[in-house]
Amino acid sequence: MPEAMKDEARRRDYGLFVRPGAGGLALKLADEGVALTDERLFWANGGGEGTRPLSDISGVHLTVAHITRHGDFGSCEIRFEGSAPLQVVGSSAFGFPDEQRSPVYAAFIRDLHASLAQRPADTVRFSAGVSEGRLRVMQVLLIIAGLLFVALPLVLLLLSGELGMLAAALAGGILVAGLYGWTKKNRPRGYDPRRVPPELLP
């Protein structure tokens, strides 16, 4: 059997949404499907299929998105030399966490990293998190949210004795805890592809 056919026979498909380019706002994701063989990456592309050799991948960047009252989902940006990156996300079509897709996303990330870890060292850059600037902004917002949504209702509870302020403080605490978890998971850093940080796999 020719090598190309052997490689195709080992194809693994993952039901995940993909987007070309470096992110941005989209009301609904339309392209669903990404696949790996030992040598290539495939993805849905406007009714067709795009593909690149794994050897063309120059970087992988992982982040985690948090949607209040819904949870987290992962996002993987695959970077190529000389062309736009590809986003693979573990969300629903409308950008919300999807419990059914979370294990599929984790499997894709592990399989992709297992393949890329076999390449010579320093040929692929593995990074995670948001920029330092965005992280600082989120840390400031976290402090402001803690003051407005937790500390203020507690002060009003002490002053007025209104029990509704306790419920407001608890709700605020849930919001602040979600933001805090997001900042911890998305601190900027590099990582070893043989040991993908578990917090990046919701």
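# Loops, cores and helices in a predicted model

Me: D122 is placed in the loop between α2 and β8. Why is D122 called exposed?

Reply: This is a predicted model, and the value is computed from it. The relative accessible area of D122 is 80%. Exposed means over 50%, so D122 earns the word.

Me: What is notable about the phi of D122?

Reply: It is near 75°, a positive value, and D122 is a residue other than glycine.

Me: Moving on into strand β8, where S127 lies: how do you know that S127 is buried?

Reply: Its relative accessible area is 5%. The cut-off for buried is under 20%, so S127 counts as buried. Leaving out residues up to four places away in sequence, S127 touches V60, H61 and L62, along with R79, R189, G190 and Y191.

Me: V60 appears there. What makes V60 stand out in the largest nonpolar core?

Reply: That core has 30 residues, and V60 is among the four that touch the most other members, together with L41, F108 and L112. At least two core residues come from each of β1, β2, β3, β5, β6, β7, α2 and β8. Helix α2 gives the largest share, six residues.

Me: Which residues does L112 touch, not counting those up to four places away in sequence?

Reply: They are L36, L54, I57, V60, C76 and I78. L112 is also one of the buried residues of α2, as are F108, I109 and L116 among others.

Me: How do you know that the span of α2 fits its number of residues?

Reply: Set the two values side by side. Helix α2 has 16 residues and reaches 22 Å from first C-alpha to last, close to the 22 Å expected at 1.5 Å a residue. Helix α4 (residues 164-185) passes the check too: it has 22 residues and reaches 32 Å, close to the expected 32 Å.

Me: Which residues of α4 are buried, and what do they pack against?

Reply: The buried ones are A169, G172, V176, G178, L179, W182 and T183. They pack against β5 and α3. V176, L179 and W182 also belong to a second, separate core of eight residues, which includes A145.

Me: Now to helix α3, residues 132-160, where L148 lies. Why is L148 called partly exposed?

Reply: Its relative accessible area is 45%. Partly exposed is the range between the 20% and 50% cut-offs, so L148 falls inside it.

Me: L152 is in α3 as well. What makes L152 partly exposed?

Reply: The reasoning runs the same way. L152 has a relative accessible area of 41%, and the range lies between 20% and 50%, so the label holds.

Me: What makes the surface patch that includes L148 and L152?

Reply: It is a nonpolar patch of about 870 Å², also made by V137, V140, L141, I144, F149, V155, L156 and L159. Patch residues need over 30% relative accessible area. The 45% of L148 and the 41% of L152 therefore clear that cut-off.

Me: How far apart are the C-alpha atoms of L152 and R10?

Reply: They are separated by 58 Å, and the two residues lie 142 apart along the chain. For the whole chain, the C-alpha atoms fill a box of roughly 80 × 35 × 25 Å along the principal axes.

Me: Finally, what does the secondary structure of the chain come to?

Reply: The total is four helices and nine strands, and buried residues make up 42% of the 202 residues.

Key
Residues are numbered from 1 along each chain as its sequence is written. This is a predicted model: local features need pLDDT of at least 70, side-chain atom pairs count only at pLDDT 80 or more; totals for chains, interfaces and linings use all residues. Side-chain values use heavy atoms; hydrogens and water are left out. A nonpolar core is a set of buried Ala, Val, Leu, Ile, Met, Phe, Trp, Tyr and Cys residues joined through side-chain atoms within 4.5 Å. Buried means under 20% relative accessible area, exposed over 50%, partly exposed in between (1.4 Å probe, protein chains only). Contact means heavy atoms within 4.5 Å. Patches are made of residues with over 30% relative accessible area and no salt bridge: like charges are joined within 9 Å, nonpolar side chains (Val, Leu, Ile, Met, Phe, Trp, Tyr) within 5 Å. Accessible areas come from the Shrake-Rupley method with a 1.4 Å probe; for residues, only the protein chains shown count as cover. A salt bridge is a side-chain nitrogen of Lys or Arg within 4 Å of a carboxyl oxygen of Asp or Glu. The expected span of a helix is 1.5 Å times one less than its number of residues.
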